[in-house]
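Got the model open in your viewer? Set it to cartoon, keep the side chains handy, and follow along stop by stop.

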Amino acid sequence: ETDMLKVVNQGIEFHFAISKSTKNPLLICLISAIREVWYEIFTELDRSPEQIKKSVEEHELILNNIKNRNLTGAKHSMKLHLLSLENAAIKHETNK
């Protein structure tokens, strides 16, 4: 497994772990169902060292907010992270 695939897999596993921690069966089912699609998308997105660093920092912020039971911070940091992923996807589609 290349470093890039390792990063992609860790990112997907992070999101799956978050969904499992909610104990929401519907969310867990949805995240499980789109894992393969996420894998395909994430392997195509910008995975430059800067983007990887940004993604890891976003994950750390989300996790720290969850650990500190900061619901507002967790929601906000997850929203920012998802917007970041959306922007990376848009940038990728524009550059095709």
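Start by selecting S48, which lies in the loop between helix 2 and helix 3. Helices here are DSSP runs (H or I, at least four residues), numbered from the N terminus. S48 is buried, with a relative accessible area of 19%; buried means under 20%, exposed over 50%, and partly exposed in between (1.4 Å probe, protein chains only). Now add M4 to the selection: the two C-alpha atoms are separated by 9.4 Å, although S48 and M4 are 44 residues apart along the chain.

A word on what you're looking at: this is a predicted model, where local features need pLDDT of at least 70 and side-chain atom pairs count only at pLDDT 80 or more, while totals for chains, interfaces and linings use all residues. Residues are numbered from 1 along each chain as its sequence is written, and side-chain values use heavy atoms, with hydrogens and water left out.

Next, pull up helix 1 (residues 3-21) and helix 2 (residues 25-44). Which way do they run relative to each other, parallel or antiparallel? Their axes come within 10 Å and cross at roughly 165°. That makes helix 1 roughly antiparallel to helix 2; the label applies to angles over 145 degrees, whereas under 35 counts as roughly parallel, 65 to 115 as roughly perpendicular and the rest as oblique. If you want to redo the fit, axes are lines fitted to C-alpha atoms, for helices over the stretch in contact, and angles run from 0 to 180 degrees between N-to-C directions. The crossing of helix 1 and helix 2 is right-handed, meaning that the near helix is turned clockwise from the far one by less than a right angle (anticlockwise would be left-handed).

While those two helices are up, click on I28 in helix 2. I28 is partly exposed, at a relative accessible area of 23%. Measure across to A17 and you should get 9.0 Å, C-alpha to C-alpha, for a pair 11 residues apart in sequence.

Now show side chains for E13 and R35. They form a salt bridge, with the closest N and O atoms 2.1 Å apart; the rule asks for a side-chain nitrogen of Lys or Arg within 4 Å of a carboxyl oxygen of Asp or Glu. This pair links distant parts of the chain, E13 being in helix 1 and R35 in helix 2, 22 residues apart. Both ends are partly exposed: E13 has a relative accessible area of 40%, and R35 has 23%.

Stay on R35 and add F16. What does the charged end of R35 sit over? The ring of F16, 4.0 Å from its centre. To qualify, NZ of Lys or CZ of Arg must be within 6 Å of the ring centre and within 35 degrees of the ring normal.

How many salt bridges are there in total? The count comes to 2, so hop over to helix 3 (residues 49-67) for K53 and E57. Their side chains meet in a salt bridge at 3.0 Å, N to O. K53 and E57 are 4 residues apart, about one turn of the helix. K53 is exposed at 53% relative accessible area, while E57 counts as partly exposed at 39%.

Keep helix 3 and bring helix 1 back. The two pack at an angle of about 25°, with their axes 12 Å apart. That makes helix 1 roughly parallel to helix 3. The crossing of helix 1 and helix 3 is left-handed.

Last stops: two loop residues with backbone angles to check. K23, in the loop between helix 1 and helix 2, has a positive phi of about 60° although it is not a glycine. K23 is exposed, with a relative accessible area of 71%. Then jump to R69, in the loop between helix 3 and helix 4 (71-94). Phi of R69 is near 55°, again a positive value in a residue other than glycine, and R69 counts as exposed at 78% relative accessibility.
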